[in-house]
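Visitor: I am a first-year student, and I would like to be walked through this structure. Can we take it one question at a time?

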Amino acid sequence: MLAEPPTARPPTERTGGARDPFFDHAKLLATVLVVCGHFWEPLVRAPGHRVLHAGYLLVYAFHMPVFVFVSGWFSRSFTARPDQLGRLLSGVLAPYLLWTTLLGAYTAWLDGGRFTLDLLTPVWVTWFLLSLFLWRLSAPLWHRLRAPLATAVAVSLLAGALPLTPQLSIGRTLQLLPFFVAGLVLDRRRVLALRGHRWLRAAAAPVFGAAALAAYRLAPRLDAAWFYRSANAAGLHADYPRWLLVSLGINLAGAVLGAVFLALVPVRTRSERWAALGAAGTAAFLVHPFLQEALVHGGWYGRGFLPSAAGQSVLTAAAAGLALLLCSRPVAGPLRPLLAPRLRLLLREPPPAGPPVRPTMIPELPSAPGRRTGG
């Protein structure tokens, strides 16, 4: 999850003048799940790992919906002001262009192939940056609609019938859109009420237990690609009615599990260290693929220890530790110029705020589109 500049945070996310650590804790936990899931993936594809496969499906059912929902929450104040557009370009688009190039060149080098730069097609995890850029640009539009969430759901379900391509991460951008819009427009008090919600916490064990059992039963016959939300019906070898039904079920599961997950997130801790790690989650999100690709190309997933139950446990613990290490200040700090490059040579300083406009009876003419960033 991308770290948010303090000025982009909604005022209600602060209590008593101090930053509320809740969403940073949520980002940290979700980041750890992302890293673990990616390190599990090569084993999940191989037969004989049903328990790990079930855990993979369970994590993928809700971890990206949580990320996208929180991205919408941080986009609530986006109005396309010049300063917000500057942060969107330097904090989202510029990292996308840079890390798509780096990761694409790195994987081509490991494969021994020729690197071809295609900035319209994300490379692995960089899809989220591109989708985030498009979602946040659209934020003012959703505030103008009468039924934004229903419209977003309709758009996401229509995506299954569209000829989706890898360019612009259009499949994920459309299919995960309802979670972004939910974070953007849902009542603020109800969203904040999820923090430590007593009944949701009480329901966590049976809800996640039932989801884990369902994932275990479905693991042999449900392709994990359904949870990536990047393909249409034809791409998943299904007719549109089946795609519609399965997608509705997966999105509903993501919403329920995501709400319970947020209720379980610690609201406060005695140390600010965990919140700081969550705020620096971009480093873990963008750097860990380089290490995972090295393991894959080094043949580690085909060796005796790693595919074993003990090896999977060690791999999970190591992946979680790696995520925390990459979020730490000694690692994330030096990487900051690559995670949020300064674009002072490209961007002009935003104009100073003008005097307040006095109300008049003359209707306003349409203004230039606004701007704000999120993630």
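Visitor: How many of the 24 residues of H2 are buried?
Guide: This is a predicted model. A residue counts as buried when its relative accessible area is under 20%. H2 is largely enclosed by the rest of the structure, because the number of its 24 residues that are buried is 21.

Visitor: What span should H2 have, and how far apart are its end C-alpha atoms?
Guide: Take 1.5 Å a residue. The expected span is 1.5 Å times one less than the number of residues. For the 24 residues of H2 that gives 34 Å, which agrees with its end C-alpha atoms, as they are apart by 35 Å.

Visitor: Where does H2 bend?
Guide: Compare the helix axis before and after a residue. In H2 the bend is about 30°. The residue where H2 bends is Tyr60.

Visitor: Which residue marks the bend in H9?
Guide: H9 covers residues 198-218. Its bend is about 45°, and a proline, Pro206, follows within four residues. The bend is at Ala204.

Visitor: How far apart are the end C-alpha atoms of H9?
Guide: H9 has 21 residues. At 1.5 Å a residue, these should span 30 Å. The end C-alpha atoms agree with that, at 30 Å.

Visitor: Which helices do the buried residues of H9 pack against?
Guide: Start with the residues themselves. Ala204, Phe208, Ala211 and Ala215 are buried in H9. The buried residues of H9 pack against two helices: H2 (50-73) and H11 (240-264).

Visitor: What is the volume of the largest cavity?
Guide: Rolling a probe the size of a water molecule over the atoms shows where empty space is left. The structure holds one cavity of 30 Å³ or more. The largest cavity has a volume of about 80 Å³.

Visitor: Which element gives the largest share of the lining of the largest cavity?
Guide: The lining includes Ser156, Leu157, Trp243 and Asn251. Two elements give two or more residues to it, helix H5 (148-158) and H11. The largest share is four residues, and it comes from H11.

Visitor: What percentage of the residues in the protein is buried?
Guide: Step back to the whole chain. The protein has 15 helices and two strands. Out of 375 residues, the buried share is 47%.

Visitor: What share of the accessible surface belongs to carbon and sulfur atoms?
Guide: Begin with the total. The accessible surface of the protein comes to about 19,200 Å². The part that belongs to carbon and sulfur atoms is 66%.

Key
Residues are numbered from 1 along each chain as its sequence is written. This is a predicted model: local features need pLDDT of at least 70, side-chain atom pairs count only at pLDDT 80 or more; totals for chains, interfaces and linings use all residues. Side-chain values use heavy atoms; hydrogens and water are left out. The bend at a residue is the angle between axes fitted to the seven residues ending there and the seven starting there. Buried means under 20% relative accessible area, exposed over 50%, partly exposed in between (1.4 Å probe, protein chains only). Contact means heavy atoms within 4.5 Å. Accessible areas come from the Shrake-Rupley method with a 1.4 Å probe; for residues, only the protein chains shown count as cover. On a 1 Å grid over the protein atoms alone, a cavity is a set of points where a 1.4 Å probe fits but cannot get out, and a pocket is an open set with protein on both sides within 12 Å along at least five of seven lines; lining residues have an atom within 4 Å of a point. Grid points are joined across faces, edges and corners, and a volume is the space filled by probe spheres set on the points.
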